[in-house]
Amino acid sequence: MKTDHERAIEIFHHELMNHPIFKQVEFKKVTGLPFVYLTAKDDVSQKDIEETLKVSAARAMRGKRLTLAMSYVRKDQAQYVYRVRFLVPQRKMFCCGNLCDDCIRFTQP
């Protein structure tokens, strides 16, 4: 069974591969970090590309407790490179003594 994170990545990949403003989309992992290499059609601005990335990520994250970490890396000729990650919320591992609502003491084993 796939996790929410894995499903979100699949949806995100599918959204970008089928989006009409991109000529080519390539996903690579370099030193364990995910990168997206995008070649856009001629009259598409960087702002449009970033907006498309955010909208596609929002669709992928819908109904899941994930957040987006996206950063522009570089532009090589007609190819844009972004680092795009979906972050999973961290769970508390110990009681800090502040009577938090999500205290580890209240979870069932």
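**Two helices across a four-stranded sheet**

Reader: Which strands does α1 lie across, and at about what angle does α1 run to β1?
Author: Helix α1 lies across β1, β2 and β4, with contact meaning heavy atoms within 4.5 Å. This is a predicted model, where local features need pLDDT of at least 70 and side-chain atom pairs pLDDT 80 or more, while totals for chains, interfaces and linings use all residues. Residues are numbered from 1 along each chain as its sequence is written, and side-chain values use heavy atoms, leaving out hydrogens and water. The angle of α1 to β1 is about 150°.

Reader: Which strands does α2 lie across, and at about what angle does α2 run to β4?
Author: Helices (H or I, at least four residues) and strands (E, at least two) are DSSP runs, numbered from the N terminus. Helix α2 lies across β1, β2, β3 and β4. Its angle to β4 is about 25°.

Reader: Is α1 parallel or oblique to α2?
Author: Helix α1 covers residues 4-17 and α2 residues 46-61; their axes are 8 Å apart, and they pack at about 140°. Axes are lines fitted to C-alpha atoms, for helices over the stretch in contact, and angles run from 0 to 180 degrees between N-to-C directions. Under 35 degrees counts as roughly parallel, over 145 as roughly antiparallel, 65 to 115 as roughly perpendicular and the rest as oblique. That makes α1, relative to α2, oblique.

Reader: Which residues in α2 meet α1?
Author: From α1, the partners are A8, I11, F12, E15 and L16. On the α2 side they meet L53, S56, A57, R59 and A60.

Reader: In what order do the four strands of the open sheet stand?
Author: The pairing in this sheet is antiparallel, and two strands pair if DSSP finds at least two bridges between them. The order is β1-β2-β4-β3.

Reader: Which are the edge strands?
Author: An edge strand here pairs on one side only. That describes β1 and β3.

Reader: How many bridges join β2 to β4?
Author: These two strands run antiparallel, and F35 stands opposite R83 in β4. The number of bridges joining β2 to β4 is five.

Reader: Is T31 buried or exposed?
Author: T31 sits in the loop between β1 and β2 and has a positive phi near 50°, although it is not glycine. Most residues other than glycine have a negative phi. Buried means under 20% relative accessible area, exposed over 50%, and partly exposed in between (1.4 Å probe, protein chains only). At 76%, T31 is exposed.

Reader: What is the phi of Q77?
Author: Q77 lies in the loop between β3 and β4 and, at 79% relative accessibility, is exposed. Its phi is positive, about 55°.
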